[in-house]
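I opened this notebook to keep track of what I looked up, beginning with the place where two chains meet and ending with a single residue.

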Amino acid sequence: MPLVLADLDRLLQGVAGRKSPGAAAAPAPSPAALAAAAFDYAEGLRSVDATVVSIIKPVFFEQWPKDAAALEAAVAAADWQRLTLVAHSLKSTLRMFGAEPLAQASEQLEALAGQQRSEGVAELHRTLCDTMPRLLQALGAPELAAP
Amino acid sequence: MTAQHVQVIDDNAINLALFKGLLARLSDCTAELFDDARAGLAWAQIHKPDLIVLDYMMPGLDGVSLIEQLRATPGCEELPVLMITADADKDTRYRALEAGATDFLTKPVDRLEFSARVRNLLNLSRARQALLAHAEGLAAEVRRATAELRMRELETVLRLSRAAEFRDPETGAHILRMAHYAQLIGRKLGLPDTELDLLLHAAPLHDIGKVGIPDHILLKPGKLTTEEFAVMKQHARHGYDILKDSASAYLRAGADIAHGHHEKYDGSGYPQGLAGEAIPLFSRIVAVADVFDALTSQRPYKPAWTLERAAEFILQASGRHFDPRCVEAFLNEWPQVLEIRAQFQDDDTQLNSQVATLLQSL
């Protein structure tokens with residue numbers, strides 16, 4: 001599964017500490033973001049139960065846009081309870097796809113929201129949203145993966 | 001084999017789809033899906049599914065609280081609940097176990113493990129229901145056998161009472177009337193239903209001891225001599241001896257009644273000369289009922305007294321012959337006394353019919 005060029009570019013910029021011409025200074029990527037970017041999601045899918053994946057995949061395609069919107073709204077409003085629930089659900093769903101770095105990012109997001117701590121929430125949220133297209137591509141839904 | 005019903009309660013649409021898909025792969029199993037915990041609980045309380053697959057973390061009502069409410073619902077105490085939790089920590093498991101979870105699975109759910117656990121729990125549910133049905137069948141059989149035993153016991157009591165009637169100039173209607181008068185007094189005194197039942201069925205045995213009295217005394221039309229009366233008085237003891245030590249509560253109550261129904265409240269009665277509350281309550285009650293009905297009944301040697309005259313006699317003898325509480329209870333229920341008297345007339349045809357009906361109803 002090839003890397004998405006935009007993700008790779010953002011990752012390399014973060015690691016090298018340089019920026020694209022005209023771009024604002026970006027914070028260094030977190031370990032979660034690095035792990036998520038480097039992960040092979042197609043390989044992750046091959047490591048889990050194909051029957052389970054085939055059952056939940058179509059529902060996930062419908063659900064992710066709703067979850068993404070819910071995450072966005074919860075982070076913006078610092079709605080910790082809502083954020084906890086959405087991140088909690090995503091965590092177990094992503095593990096069923098073998099997407100461990102994304103599952104871990106969800107888990108960390110759930111933990112921070114549970115403690116009502118805002119520090120790191122935006123970064124984890126961005127990691128989830130930025131990296132999810134790669135999982136969707138691996139699942140065979142490029143239209144959902146398109147930016 | 002009928003299909004078993006599995007209820008899935010999970011706020012995550014993806015989990016619902018997964019469990020629905022996995023359950024569809026099991027045979028003889030239908031799924032009811034709920035993404036709202038409270039709605040799921042309400043459905044479970046009514047429909048009592050064979051298995052509940054339950055998420056731990058849900059908005060509004062978490063899995064542990066749901067189980068606690070479910071277990072507090074009659075008929076849902078033993079419903080198998082498979083809790084699915086993303087939290088592998090022991091505290092969560094302990095809380096859920098304490099609340100009544102039957103089994104656990106940790107997310108992400110392993111398909112084969114899920115199917116095996118569900119199958120096992122459904123088998124458990126089927127076995128539990130079979131056991132329950134068997135227990136209910138046994139309980140019904142015990143109830144039927146007990147009712148039959150009681151019926152035979154009461155039939156024996158009734159037939160014993162009827163046997164005594166053949167040796168007594170008193171009529172069968174007298175026995176039925178005085179038994180109902182006695183129950184009326186007992187009810188007014190606040191006796192529980194079990195005691196009232198005993199009283200109604202044991203009171204007819206009060207004169208059973210007369211079977212031990214020679215005919216020339218028992219059936220003598222004139223006044224008894226002192227010696228004859230001494231023999232006659234032995235019927236109380238005879239009745240007691242016939243009925244005492246029985247395994248039947250009715251016959252034991254009948255023994256006490258037979259023994260004490262000629263005792264008098266002031267201690268001047270027989271056979272033991274007991275006084276006041278030393279006389280068994282059933283005997284004190286039956287004494288009022290028996291004398292009242294004897295007075296108001298016609299005999300070969302006397303006409304029937306009017307009801308008012310008999311009532312006046314009973315009242316005058318209160319505190320001497322009779323327990324004042326029993327007299328008060330009896331006279332305070334006068335309309336019912338009249339109803340009983342009207343119901344059980346000295347008509348053999350009617351009486352036989354009444355006894356037959358009573359026997360049939362037992």
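Before reading the interface I noted that buried area is the accessible area, taken with a 1.4 Å probe, that two parts lose on being put together, summed over both. By that reckoning chain B and chain A bury about 1,600 Å² between them, and 72% of it lies on carbon and sulfur atoms. On the side of chain B, I found that B:Ile14, B:Met57 and B:Arg111 supply 37% of the area buried against chain A, more than any other three residues.

I recorded that this is a predicted model, in which local features need pLDDT of at least 70 and side-chain atom pairs count only at pLDDT 80 or more, while totals for chains, interfaces and linings use all residues. Residues are numbered from 1 along each chain as its sequence is written, chains are lettered from A and ligands numbered from 1 in the order in which they are written, and side-chain values use heavy atoms, with hydrogens and water left out.

Next I looked up contacts, meaning heavy atoms within 4.5 Å, and saw that 17 residues of chain B touch 18 residues of chain A. One salt bridge crosses the interface, a salt bridge being a side-chain nitrogen of Lys or Arg within 4 Å of a carboxyl oxygen of Asp or Glu. I found the side chains of A:Asp49 and B:Arg111 joined in a salt bridge at 2.7 Å, N to O.

Last, I asked whether B:His259 is buried or exposed. B:His259 is buried, with a relative accessible area of 9%, where buried means under 20% (1.4 Å probe, protein chains only). Among the residues that B:His259 touches are B:Tyr240, B:Tyr270 and B:Pro271.

Definitions and conventions: Buried means under 20% relative accessible area, exposed over 50%, partly exposed in between (1.4 Å probe, protein chains only). Lists of a residue's contacts leave out its neighbours within four places in sequence.
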